[in-house]
Amino acid sequence: MARLLLIPIVMIFLFISAVHAADSFESLACRSGTTTYIQNTKELVIMSFEVKGILQSKSNAEILNNVSEQCVGTLKRAGGEAIQRGFCRYLYPNGDINVVEWDGGANDGKWQFLSGTGKWENIKGGGTWKAILRAKPIVEGTFQSCMTITGTYELKK
């Protein structure tokens, strides 16, 4: 009888140890970018862009803190609606990397982790992004902006 009770207890322990709780975070990303227009009229804007910047944690999390950022993306604006899509790579001081995919509208959207190296290998998770500041361009043909990135992640073994 004791063996029959022991089996469910062991199974519960194994299940609990296999489940990883997701950690949450919030980071501030400030960057500068350049654009290439395919079409730029009142009715239709289609462009690609590249941004480079840095991220700092707003939640004292280790993830996406003190990292360099490089993103590429596209934007289509037609009829007052904007659609964006792209990819970002984040480089940590020790050389580890995260890669994410994102999409959204003019000022906010969603993102998800695609890969990670080193400590971030096998990372899963995602969240939202929201533009919070657009500054006057310091150099013609560039743009400067800041956004918040919030999300959760899990490191699978």
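Six salt bridges are found in this structure, which is a predicted model. As background, side chains of opposite charge can pair when their charged atoms come close. Three of the pairs are set out below, with their N to O distances.

| Lysine | Glutamate | N to O distance |
|---|---|---|
| Lys58 | Glu26 | 3.6 Å |
| Lys52 | Glu50 | 3.9 Å |
| Lys156 | Glu154 | 3.8 Å |

Let's take the pair of Lys58 and Glu26. Lys58 sits in the loop between E2 and E3 while Glu26 belongs to strand E1, so this salt bridge ties together parts that are 32 residues apart in sequence. Both partners can be reached in part from outside: Lys58 is partly exposed at 47% relative accessibility, and Glu26 is partly exposed at 27%.

For the pair of Lys52 and Glu50, the lysine is exposed, with a relative accessible area of 51%; the cut-off for that label is over 50%. Its partner Glu50 counts as partly exposed, at 28% relative accessibility. In the pair of Lys156 and Glu154, Lys156 is partly exposed at 38%, and Glu154 is partly exposed at 22%.

Now for the overall layout. The protein chain has one helix and eight strands, and along the sequence these run in the pattern α-β-β-β-β-β-β-β-β. Of the 157 residues in the chain, 31% are buried.

The largest pocket has a volume of about 620 Å³. It is lined by 32 residues, and those closest to its centre are Phe49, Gln84, Arg134, Phe143 and Ser145. Strands E1 (23–40), E2 (44–57), E3 (67–78), E4 (81–91), E5 (97–104), E7 (123–135) and E8 (142–155) are the elements that each give two or more residues to this lining. Which element gives the largest share of the lining? That is E8, with seven residues. By residue type, the lining of the largest pocket divides into 22 nonpolar, seven polar and three charged residues.

On the surface, Val72, Phe87 and Leu114 make a nonpolar patch of about 230 Å². Phe87 is part of strand E4 and counts as partly exposed, at 35% relative accessibility.

The backbone has some points worth a look too. Most residues other than glycine have a negative phi, and most peptide bonds are trans. Asn60 has a positive phi, near 60°, without being a glycine. Leu64 is not a glycine either, and its phi is positive at about 50°. Asn60 lies in the loop between E2 and E3, and Leu64 is also in the loop between E2 and E3. Are these two residues buried or exposed? Asn60 is exposed, with a relative accessible area of 79%, whereas Leu64 is buried, with a relative accessible area of 1%. The limit for buried is under 20%, so the label fits Leu64 at 1%.

One more loop residue is Gly118, in the loop between strand E6 (108–116) and E7. Gly118 counts as partly exposed, at 44% relative accessibility. Its C-alpha atom is separated by 8.2 Å from that of Gly95, and the two glycines are 23 residues apart along the chain.

Conventions:
Residues numbered from 1 in each chain as written. Predicted model: local features only at pLDDT ≥ 70, side-chain atom pairs only at ≥ 80, totals over all residues. Heavy atoms only, no water. 1 Å grid on protein atoms, 1.4 Å probe; cavity = no way out; pocket = protein on both sides within 12 Å on 5 of 7 lines; lining within 4 Å. Points joined across faces, edges and corners; volume = space filled by probe spheres on them. Helix = DSSP H or I, 4+ residues; strand = E, 2+ residues; numbered from the N terminus. Nonpolar A, V, L, I, M, F, W, Y, C, P; charged D, E, K, R; others polar. Buried < 20%, exposed > 50% of the residue type's maximum accessible area, 1.4 Å probe, protein only. Patch = residues over 30% accessible without salt bridge, like charges linked within 9 Å, V, L, I, M, F, W, Y side chains within 5 Å. Areas by Shrake-Rupley, 256 points an atom, 1.4 Å probe, with all protein chains shown as cover. Salt bridge = Lys/Arg side-chain N within 4 Å of Asp/Glu carboxyl O.
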